[in-house]
Amino acid sequence: MGNIFFENWTKVGHVALLTVISFVTLFLFIRISGKRTLAKFNAFDFVVTVTLGSVLAYMMLAQVNLTEGVVVLFLIISMQLLFAKLSRRSKVVEKLLNSSPKLLFYKGSYLKNSMEQELVTEEEILASIRQKGIVNVEDVLAVVIEANGDLSVIKKTDNISLNSTLHGIEREDKEKF
């Protein structure tokens, strides 16, 4: 129990140096990998972020050597890019990696089953409507929970076409617009 607070200055210097190198390495990899790594989180992005943080911590605390840590960081970011490219090319892969948007409110009605499945309350829907600056719920056509968990509010318009942003979104009855 003697070295719980301090072992020696050499070890402190070693951890400090590894922290700087690890941090700069991760920063460079993220810059190279592009905006996808920093996008709003879906489940896959969350797992990648937690994993990167874990590896970075191990590297900073010298629990893995620098070369091994850099290889792991490189592989994680490479896999994220690979899966992102595969999901752009394949609807099946995209569906496996990302959840689909789902309708929670439509034409004045709360879709209770969808809200229950997505663990969203009426208060959260009303908050998202207020955040859009909408005073009257009657002015809202729909509220959709997106793949990343954001709530999108769609105002009523005079016409809904096949080019509607609601096209393809799953309704409570498993139908799609």
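Visitor: Which are the buried residues of helix 2?

Guide: In this predicted model, the buried residues of helix 2 are F44, D45, V48, L52, V55, L56, M59 and M60.

Visitor: How do you know that these buried residues of helix 2 line one face of the helix?

Guide: Looking down the axis of helix 2, one finds its buried residues within an arc of 135°, and therefore they line one face of the helix. As a general point, an α-helix has 3.6 residues a turn, so residues three or four places apart point the same way.

Visitor: What makes the span of helix 2 agree with the expected value?

Guide: Helix 2 has 18 residues, which at 1.5 Å a residue should span 26 Å, and because its end C-alpha atoms are 26 Å apart, the two values agree.

Visitor: What is the phi of A62, just after helix 2?

Guide: A62 takes a positive phi of about 60°, and this residue is placed in the loop between helix 2 (43–60) and helix 3 (66–89). Such a value deserves mention because most residues other than glycine have a negative phi.

Visitor: Why is A62 called partly exposed?

Guide: The relative accessible area of A62 is 35%; since partly exposed is the class between the cut-offs of 20% and 50%, A62 is therefore partly exposed.

Visitor: Where is L119 placed, and why is L119 called exposed?

Guide: L119, which has a positive phi of about 60° although it is not a glycine, sits in the loop between helix 5 (112–118) and helix 6 (122–131). Exposed means over 50% relative accessible area, and because L119 has 71% relative accessibility, L119 counts as exposed.

Visitor: What makes F105 and Y110 an aromatic pair that is edge-to-face?

Guide: The count of aromatic pairs comes to 1. F105 and Y110 form an aromatic pair at 5.1 Å centre to centre, with 70° between the planes; the centres must lie within 6.5 Å, and planes over 60 degrees apart count as edge-to-face, so the pair of F105 and Y110 is edge-to-face. F105 is buried, with a relative accessible area of 0%, whereas Y110 counts as partly exposed at 21% relative accessibility.

Visitor: How do you know that E118 and K102 meet in a salt bridge?

Guide: The structure holds 2 salt bridges. For E118 and K102 the N to O value is 3.8 Å, and because the cut-off is within 4 Å, the contact of these side chains is a salt bridge. E118 lies in helix 5 and K102 in strand 1 (residues 102–106), so the pair ties together parts that are 16 residues apart in sequence. K102 is buried, with a relative accessible area of 9%, while E118 is partly exposed at 31%.

Visitor: Why is the contact of K112 with E122 called a salt bridge?

Guide: The closest N and O atoms of K112 and E122 are 2.2 Å apart, and since the cut-off is within 4 Å, K112 forms a salt bridge with E122. K112 lies in helix 5 and E122 in helix 6, so this pair ties together parts that are 10 residues apart in sequence. K112 is partly exposed, with a relative accessible area of 45%, and E122 also counts as partly exposed, at 29% relative accessibility.

Visitor: Which residues make the nonpolar surface patch, and what makes V24 partly exposed?

Guide: V20, F23, V24, F27, L28 and I32 make a nonpolar surface patch of about 630 Å². V24 lies in helix 1 (residues 9–33); its relative accessible area is 40%, and because partly exposed is the class between 20% and 50%, V24 is partly exposed.

Key
Residues are numbered from 1 along each chain as its sequence is written. This is a predicted model: local features need pLDDT of at least 70, side-chain atom pairs count only at pLDDT 80 or more; totals for chains, interfaces and linings use all residues. Side-chain values use heavy atoms; hydrogens and water are left out. Helices (H or I, at least four residues) and strands (E, at least two) are DSSP runs, numbered from the N terminus. Buried means under 20% relative accessible area, exposed over 50%, partly exposed in between (1.4 Å probe, protein chains only). Patches are made of residues with over 30% relative accessible area and no salt bridge: like charges are joined within 9 Å, nonpolar side chains (Val, Leu, Ile, Met, Phe, Trp, Tyr) within 5 Å. Accessible areas come from the Shrake-Rupley method with a 1.4 Å probe; for residues, only the protein chains shown count as cover. Rings of Phe, Tyr and Trp (its six-membered ring) pair if their centres lie within 6.5 Å; planes under 30 degrees apart count as stacked, over 60 as edge-to-face and the rest as tilted. The expected span of a helix is 1.5 Å times one less than its number of residues. The arc is that of the directions from the helix axis to the C-beta atoms.
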